[in-house]
Amino acid sequence: MSTEPQTPGNPVDDPDATTTVPAGPSTPAEVTEAMAPSGPHWPAIMLGLVCVAIAAIVMAQELGGLTVDWGSFGPLGIVAVGAVLVAVGLTGLLGRRRRRG
(Lines give C-alpha, C1' and ligand atoms only; values in the text may rest on other atoms or scores of the structure.)
Protein backbone atom coordinates (compact mmCIF):
# COMPACT_ATOMS: atom_id res chain seq x y z
CA MET A 1 0.00 0.00 0.00
CA SER A 2 1.31 3.47 -0.91
CA THR A 3 1.82 6.22 1.64
CA GLU A 4 1.25 9.02 -0.91
CA PRO A 5 -2.04 10.94 -0.69
CA GLN A 6 -4.76 9.77 -3.03
CA THR A 7 -5.48 12.73 -5.32
CA PRO A 8 -6.86 12.82 -8.84
CA GLY A 9 -4.10 12.78 -11.43
CA ASN A 10 -1.63 11.15 -9.05
CA PRO A 11 0.12 8.24 -10.82
CA VAL A 12 -0.60 6.06 -7.79
CA ASP A 13 -4.37 6.40 -8.46
CA ASP A 14 -4.17 5.57 -12.15
CA PRO A 15 -2.45 2.27 -12.96
CA ASP A 16 -2.41 3.21 -16.68
CA ALA A 17 -0.49 6.45 -16.08
CA THR A 18 3.05 6.64 -17.32
CA THR A 19 5.80 8.77 -15.94
CA THR A 20 7.82 10.81 -18.40
CA VAL A 21 11.40 11.79 -17.83
CA PRO A 22 12.68 14.95 -19.50
CA ALA A 23 15.01 14.21 -22.36
CA GLY A 24 18.62 15.04 -21.72
CA PRO A 25 21.99 14.28 -23.20
CA SER A 26 22.67 10.56 -23.24
CA THR A 27 26.41 11.06 -23.02
CA PRO A 28 28.17 13.11 -20.37
CA ALA A 29 29.44 16.49 -21.44
CA GLU A 30 33.11 16.80 -22.24
CA VAL A 31 35.11 17.94 -19.28
CA THR A 32 37.78 20.46 -20.06
CA GLU A 33 40.73 20.87 -17.76
CA ALA A 34 41.44 24.30 -16.39
CA MET A 35 44.79 25.65 -17.44
CA ALA A 36 47.19 26.68 -14.71
CA PRO A 37 48.01 30.38 -14.62
CA SER A 38 51.12 31.13 -16.62
CA GLY A 39 52.30 34.26 -14.90
CA PRO A 40 51.70 36.75 -12.12
CA HIS A 41 48.21 37.79 -11.06
CA TRP A 42 48.09 41.35 -12.38
CA PRO A 43 45.23 42.67 -10.20
CA ALA A 44 47.19 41.71 -7.09
CA ILE A 45 50.30 43.43 -8.42
CA MET A 46 48.35 46.61 -9.24
CA LEU A 47 46.73 46.65 -5.78
CA GLY A 48 50.15 46.26 -4.20
CA LEU A 49 51.56 49.15 -6.24
CA VAL A 50 48.64 51.40 -5.29
CA CYS A 51 49.11 50.55 -1.61
CA VAL A 52 52.86 51.24 -1.81
CA ALA A 53 52.21 54.59 -3.53
CA ILE A 54 49.68 55.64 -0.87
CA ALA A 55 52.02 54.51 1.91
CA ALA A 56 54.87 56.50 0.36
CA ILE A 57 52.71 59.64 0.17
CA VAL A 58 51.58 59.25 3.79
CA MET A 59 55.15 58.66 5.01
CA ALA A 60 56.40 61.67 3.05
CA GLN A 61 53.64 63.76 4.58
CA GLU A 62 54.37 62.59 8.14
CA LEU A 63 58.17 62.58 7.97
CA GLY A 64 58.86 65.33 5.48
CA GLY A 65 57.37 68.62 4.50
CA LEU A 66 54.90 67.23 1.94
CA THR A 67 51.39 68.64 2.24
CA VAL A 68 48.57 66.67 0.66
CA ASP A 69 44.99 67.91 0.49
CA TRP A 70 43.19 64.62 1.15
CA GLY A 71 39.81 66.31 0.61
CA SER A 72 40.49 66.58 -3.12
CA PHE A 73 43.13 63.87 -3.55
CA GLY A 74 40.91 61.09 -2.11
CA PRO A 75 37.92 61.45 -4.46
CA LEU A 76 40.13 62.09 -7.48
CA GLY A 77 42.17 59.01 -6.63
CA ILE A 78 39.04 56.87 -6.41
CA VAL A 79 37.83 58.18 -9.78
CA ALA A 80 41.24 57.48 -11.32
CA VAL A 81 41.29 53.92 -9.95
CA GLY A 82 37.77 53.36 -11.30
CA ALA A 83 38.78 54.62 -14.74
CA VAL A 84 41.79 52.29 -14.76
CA LEU A 85 39.58 49.33 -13.77
CA VAL A 86 37.13 50.12 -16.59
CA ALA A 87 39.98 50.39 -19.10
CA VAL A 88 41.52 47.10 -17.97
CA GLY A 89 38.13 45.38 -18.09
CA LEU A 90 37.39 46.62 -21.60
CA THR A 91 40.85 45.56 -22.75
CA GLY A 92 40.24 42.07 -21.36
CA LEU A 93 36.82 41.76 -22.99
CA LEU A 94 38.02 42.97 -26.38
CA GLY A 95 41.08 40.74 -26.22
CA ARG A 96 38.96 37.68 -25.43
CA ARG A 97 36.65 38.37 -28.38
CA ARG A 98 39.59 38.66 -30.77
CA ARG A 99 41.06 35.34 -29.60
CA ARG A 100 37.73 33.51 -30.02
CA GLY A 101 36.81 35.05 -33.35
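The following paragraphs describe the helices, the surface and the largest pocket of a predicted protein model.

The predicted model comprises 101 residues, and its secondary structure consists of 2 helices and 0 strands. Helix α1 spans residues 42-63, and helix α2 covers residues 70-100. Only a small share of the chain is hidden from the surroundings: 2% of the residues count as buried. The exposed area of the protein amounts to about 9,400 Å², of which carbon and sulfur atoms supply 67%.

A search of the whole structure for aromatic pairs returned 1 pair. The rings of W70 and F73 have centres 5.2 Å apart and planes at 75°, so the arrangement is edge-to-face, the angle being over the 60 degrees required for that class. Both partners belong to helix α2, where W70 and F73 are separated by 3 residues, or about one turn of the helix. With a relative accessibility of 35%, W70 counts as partly exposed. F73 is likewise partly exposed, its relative accessible area being 35%. Each of these assignments follows because the partly exposed class lies between the limits of 20% and 50%.

The two aromatic residues also contribute to a nonpolar patch on the surface. This patch has an area of about 580 Å² and is made by V50, I54, V58, W70, F73, V81 and L85. Helices α1 and α2 each supply at least two residues of the patch, and the most come from α2, which gives 4 residues. Among the other members of the patch, V58 is placed in helix α1. The relative accessibility of V58 is 33%, and this residue therefore counts as partly exposed.

The largest pocket encloses about 350 Å³ of space. Its lining is formed by W42, P43, M46, L47, V50, A80, V81, V84, L85 and V88. The elements that give two or more residues to this lining are α1 and α2. The lining of the pocket includes V50, V81 and L85, and these residues are also found in the nonpolar surface patch.

The segment joining the helices was examined through T67, which is found in the loop between α1 and α2. T67 has a relative accessible area of 71% and is therefore exposed, since the exposed class begins over 50%. A second residue, I57, is located in helix α1. I57 has a relative accessibility of 24% and counts as partly exposed; the value is not under 20%, so the residue does not meet the limit for burial. In sequence, T67 and I57 are 10 residues apart, and their C-alpha atoms are separated by 9.3 Å in space.

In summary, the predicted model contains 2 helices, both of which contribute to the nonpolar patch and to the lining of the largest pocket. The edge-to-face pair of W70 and F73 lies in helix α2, and both residues take part in the patch.

Technical notes:
Residues are numbered from 1 along each chain as its sequence is written. This is a predicted model: local features need pLDDT of at least 70, side-chain atom pairs count only at pLDDT 80 or more; totals for chains, interfaces and linings use all residues. Side-chain values use heavy atoms; hydrogens and water are left out. Buried means under 20% relative accessible area, exposed over 50%, partly exposed in between (1.4 Å probe, protein chains only). Accessible areas come from the Shrake-Rupley method with a 1.4 Å probe; for residues, only the protein chains shown count as cover. Rings of Phe, Tyr and Trp (its six-membered ring) pair if their centres lie within 6.5 Å; planes under 30 degrees apart count as stacked, over 60 as edge-to-face and the rest as tilted. Patches are made of residues with over 30% relative accessible area and no salt bridge: like charges are joined within 9 Å, nonpolar side chains (Val, Leu, Ile, Met, Phe, Trp, Tyr) within 5 Å. A salt bridge is a side-chain nitrogen of Lys or Arg within 4 Å of a carboxyl oxygen of Asp or Glu. On a 1 Å grid over the protein atoms alone, a cavity is a set of points where a 1.4 Å probe fits but cannot get out, and a pocket is an open set with protein on both sides within 12 Å along at least five of seven lines; lining residues have an atom within 4 Å of a point. Grid points are joined across faces, edges and corners, and a volume is the space filled by probe spheres set on the points.
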